[in-house]
Amino acid sequence: MSGYTPIRILPGEGIEILDQTLLPHEERYLRLGTVAEVAEAIRSLRVRGAPLLGVTGASGMAIAGEERGAGAAALAEAATELKATRPTAVDLGATIDEALAAAEGAARQDQRRAVLWEFAERALTRQRERDTALARHGRELPGLEGAVLTHCNTGGLATGGAGTALAVIAEAWRAGRIERCFATETRPLLQGARLTMWELGALGIPGTLLPDTAAASLIASGAVSAVITGADRIVANGDGANKVGTYGLAAVAARHGVPFYLVAPISTFDANTPSGEAIPIEFRGDGEVGGFGDERWSPDGGGAYNPAFDVTPAELIAGIVTETGVLRPPYGPAIAALTARNG
Ligand code: MRU
């Protein structure tokens, strides 16, 4: 990380988030002090990335304790509101449930409020630790040589720490294994163009931006030695949901013998869902397609197909990097053992 943090937790008061919709042109922090404000920030991707959604959800629960009181009914209602904002990332709902369970352990409301703030701070600290461990395990992956391709944004902006896939890329770059990172624009919200290119610049890693539509020919050309992304939910058989477009990258990488890797903390695994068809996919509004922000370049009225995520089948994934090591196929037994060990 270099100077910026996507979230600041202010116990007893609220949180400040770096408004990611304004990056890279403006670095503006927004103070959030109500559950509705936190929900709006999550829904509109002012704050985003699976692990950071978990930290933000936990902070939202602490804010609920201040705003609405820390009674069981008020907290349960806030949890429902916050979880409904974005359904795909398992970290959001799971971390909110952890916050609720922590609060239930305290008898008095003032104690519960303190417990919720402590939990939010701990969620951020532990994510930073997980990121550091992930990056260490990932940097020796076969294929991280020369140039790699990534999709969406998986750096510190997405986690509050060093990131997931981008942290692995940064470690491999520091070790002299890779020289360049190609980043897709990531239509329609441009997380790659706006956020990953900004983070690569901050890290000093040479980055090359490409339209999403150029990724297949880039991979076919032999210019990248690996494709590496984060994940929002990895289920029991190893199928993994990530930013829409990931499946296509993995399929093309397989076609050309290029390894495709996912990097995710264990909190992103959902061993209760058997396979990818059961992953809830977030669909977003028509307005995000055919334009950007206030600018429209497509005639209105036609509607749009706008899933935020897609699912990459396990058979296309060469390895999954976690904070305790790299999983290899067959993923079913590996994920069962991992999640049993880590409760
Ligand atoms: O819609 P976003 O920007 O929240 O999507 C983010 C991603 O798809 C990331 O790859 C994923 O959350 C893993 S982040 C470390």
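Domain bounds here come from an automatic or database domain assignment. The model is predicted.

## Exercise 1: Two domains and their interface

Task: State where the two domains lie in the chain, then describe how they meet.

Solution.

Step 1. Take the bounds. Domain 1 covers 7-132, and domain 2 covers 134-342.

Step 2. Place the centres. The C-alpha centres of domain 1 and domain 2 are 24 Å apart.

Step 3. Count the residues that touch. Domain 1 puts 26 residues in contact with 37 residues of domain 2.

Step 4. Give the interface a size. The size of an interface is often given as the accessible area lost when the parts come together. Between domain 1 and domain 2, about 2500 Å² is buried. Carbon and sulfur atoms give 51% of that area.

## Exercise 2: Polar links between the domains

Task: How many salt bridges and how many residue pairs in polar contact are found between domain 1 and domain 2? Then say which elements of domain 1 touch domain 2.

Solution.

Step 1. Start with the charged pairs. There are 2 salt bridges between domain 1 and domain 2.

Step 2. Look at the pair Glu323 and Arg130. Their closest N and O atoms are 3.7 Å apart. The cut-off for a salt bridge is within 4 Å, so this pair counts.

Step 3. Turn to polar contacts. The rule finds 23 residue pairs across the interface of domain 1 and domain 2.

Step 4. Find the elements on the domain 1 side. Helix 2 (50-68), helix 4 (90-104) and helix 5 (109-138) each give two or more residues to the side that touches domain 2. Helix 5 has the largest share, with 6 residues.

Step 5. Sort that side of domain 1 by residue type. It has 11 nonpolar, 7 polar and 8 charged residues.

## Exercise 3: Backbone exceptions

Task: Which peptide bond leading to Pro24, and which leading to Pro188, is cis? Then examine phi of Thr186 and Leu190.

Solution.

Step 1. Recall the background. Most residues other than glycine have a negative phi, and most peptide bonds are trans.

Step 2. Check Pro24. The bond from Leu23 to Pro24 is cis, with omega near 5 degrees. Pro24 sits in the loop between strand 2 (14-18) and strand 3 (29-32).

Step 3. Check Pro188. The bond from Arg187 to Pro188 is cis, with omega near 0 degrees. Pro188 is in the loop between strand 5 (178-184) and helix 8 (191-203).

Step 4. Move to Thr186. Its place is in the loop between strand 5 and helix 8. Phi of Thr186 is near 70 degrees, a positive value, and Thr186 is not a glycine. Its relative accessible area is 0%, so Thr186 is buried.

Step 5. Finish with Leu190. Its place is also in the loop between strand 5 and helix 8. Leu190 has a positive phi of about 65 degrees, though it is not a glycine. The cut-off for buried is under 20% relative accessible area; Leu190 has 13%, so it is buried.

## Exercise 4: Salt bridges across the structure

Task: How many salt bridges does the structure hold? Then work through the pairs of Arg46, Arg86 and Arg139.

Solution.

Step 1. Recall the principle. Side chains of opposite charge can pair when their charged atoms come close.

Step 2. Take the total. The structure holds 21 salt bridges.

Step 3. Look at Arg46. It forms a salt bridge with Glu40, with the closest N and O atoms 3.0 Å apart. Glu40 is partly exposed, at 33% relative accessible area.

Step 4. Look at Arg86. Its side chain meets that of Glu282 in a salt bridge of 2.8 Å, N to O. Glu282 lies in the loop between strand 11 (269-270) and strand 12 (291-292), and Arg86 in the loop between helix 3 (72-83) and helix 4, so the pair ties together parts 196 residues apart in sequence. Glu282 is buried, with a relative accessible area of 5%. Arg86 is buried, also with 5%.

Step 5. Look at Arg139. It forms a salt bridge with Glu171, and the closest N and O atoms are 2.8 Å apart. Glu171 lies in helix 7 (residues 165-174) and Arg139 in the loop between helix 5 and strand 4 (146-150), so the pair ties together parts 32 residues apart in sequence. Glu171 counts as buried, at 18% relative accessibility. Arg139 counts as partly exposed, at 26%.

Step 6. End with a network. Salt bridges link Arg8, Glu13, Glu16 and Arg31.

How values were computed. Residues numbered from 1 in each chain as written. Predicted model: local features only at pLDDT ≥ 70, side-chain atom pairs only at ≥ 80, totals over all residues. Heavy atoms only, no water. Contact = heavy atoms within 4.5 Å. Buried area = accessible area lost by both parts, 1.4 Å probe. Polar contact = N/O pair within 3.5 Å; in protein donor to acceptor, adjacent residues only side chain to side chain. Helix = DSSP H or I, 4+ residues; strand = E, 2+ residues; numbered from the N terminus. Nonpolar A, V, L, I, M, F, W, Y, C, P; charged D, E, K, R; others polar. Buried < 20%, exposed > 50% of the residue type's maximum accessible area, 1.4 Å probe, protein only.
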